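Here's a walk through a protein with a ligand bound to it. Let's start with the overall fold, go on to the ligand, and finish with a few individual residues.

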Amino acid sequence: MKTISLLAQKGGAGKTTLSIHLAVRANLDGLKVLLVDIDPQASALGWWRRRHAEQPELIQGSGDKLADILSRAARQSYDLVVVDTAPHSSQDARICSQLSDRVYIPTRPAILDLDAIGVSTDLVSAADIPAMIILNACPPPTLFGEPKIVAEARQALQTYQIPVCPVAISQRAAFGHALIDGRAINEFDPKGKAAAEIDRLWQTVQEDVKL
Ligand SMILES: Nc1ncnc2c1ncn2[C@@H]1O[C@H](COP(=O)(O)OP(=O)(O)OP(=O)(O)O)[C@@H](O)[C@H]1O
Ligand SMILES: [Mg+2]
């Protein structure tokens, strides 16, 4: 069993969106997936309650229950656990980093978001856990490749000792539309551009955690 956490101290970076999408995408590949929502805002839980499909399974928890949840999940032969975390909770972020095989830190490419990422990267570096930054809600690529703001964000993020995911997730309204009735983009519009980006992100994560 592999455990990945989506962690960013900044609110609205895309933790819940990416947790849901990675969990659903992994499940579409036939993996037994548990999504653990340890954010008291319970956004992933809200999505799951709107969902008609039974998979992936979801459990609402908290940082101090995470170790127990993970040992139960291991006994129940889950292949992958995806943990969606709260912003502004350094205690939970610390616990999560210690218990995960990989931490993914989403960030928007704007300068104020990039400025805020140091708090998250410090927490992860302190736990000495492999991590990756994921650029989320980026302007979509053009015929000429990545837009300037995304290239500049990659450049700015080189200051941190954490690699940046080669796949950037674009800002696309379809993500929001899919979540309304408890779906993910790969179910809502599987042939669309947003789904293709999630496919590529999932492929990167698979290689990263060796699933
Ligand atoms: N790639 C994207 N394209 C379009 N909308 C997005 C994208 N990523 C996130 N959003 C939207 O931005 C908002 C914040 O995203 P999300 O809830 O995933 O962030 P979060 O990091 O979980 O926030 P919080 O810190 O409050 O838990 C949501 O309305 C979500 O639908
Ligand atoms: Mg969230």
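With 211 residues, a compact globule would have a radius of gyration near 17 Å, and the protein chain has 16 Å, which agrees. That radius is taken over C-alpha atoms, and the globule rule is 2.2 Å times the number of residues to the power 0.38. Bear in mind that this is a predicted model: local features need pLDDT of at least 70, side-chain atom pairs count only at pLDDT 80 or more, and totals for chains, interfaces and linings use all residues. Residues are numbered from 1 along each chain as its sequence is written, chains are lettered from A and ligands numbered from 1 in the order in which they are written, and side-chain values use heavy atoms, with hydrogens and water left out.

Along its principal axes, the C-alpha trace of the protein chain spans about 45 × 40 × 30 Å. The secondary structure comes to 9 helices and 6 strands; these are DSSP runs numbered from the N terminus, with helices being H or I of at least four residues and strands E of at least two. Of the 211 residues, 54% count as buried, where buried means under 20% relative accessible area, exposed over 50%, and partly exposed in between (1.4 Å probe, protein chains only). Take the contacts (heavy atoms within 4.5 Å) between residues at least 6 apart in sequence: 76% of them join residues at least 24 apart. As for the surface, the protein chain exposes about 9,700 Å², and carbon and sulfur atoms supply 52% of it. Such areas come from the Shrake-Rupley method with a 1.4 Å probe, and for residues only the protein chains shown count as cover.

Now for the ligand. Which residues come nearest to ligand 1? Of the 19 around it, they are Lys15, Thr16, Thr17, Arg108 and Ser170; a residue is near if one of its heavy atoms lies within 4 Å. By class, this shell has 5 nonpolar, 9 polar and 5 charged residues. Here Ala, Val, Leu, Ile, Met, Phe, Trp, Tyr, Cys and Pro count as nonpolar, Asp, Glu, Lys and Arg as charged, and the others, Gly among them, as polar. Helix α1 (residues 15-28) gives the largest share of the shell, 3 residues.

Zooming in on atoms, an oxygen of ligand 1 is 2.8 Å from an N or O atom in the side chain of Thr16. An oxygen atom of the ligand is also 3.0 Å from a polar backbone atom of Gly14, while a nitrogen atom of ligand 1 is 2.9 Å from a polar backbone atom of Ser170. Taken alone, ligand 1 exposes 630 Å², of which the protein buries 77%.

Away from the ligand, have a look at helix α4 (residues 90-99), where Asp92, Ala93, Ile95, Cys96 and Ser97 are buried. The buried residues of α4 pack against β1 (2-6), α3 (66-75), β4 (80-84), β5 (102-107) and α5. Gly118 is found in that last helix, α5 (residues 111-127), and counts as buried because its relative accessibility is 16%.

Helix α9 (residues 193-209) is home to Asp208. At 17% relative accessibility, Asp208 counts as buried, whereas Arg200, in α9, is partly exposed at 45%. The side chain of Asp208 makes a polar contact with the side chain of Tyr104 (2.5 Å). Such a contact is a pair of N or O atoms within 3.5 Å; within protein, one must be able to donate a hydrogen and the other to accept it, and residues adjacent in sequence count only if both atoms are side-chain atoms. Not counting residues up to four places away in sequence, Asp208 touches Arg102, Tyr104 and Met132.
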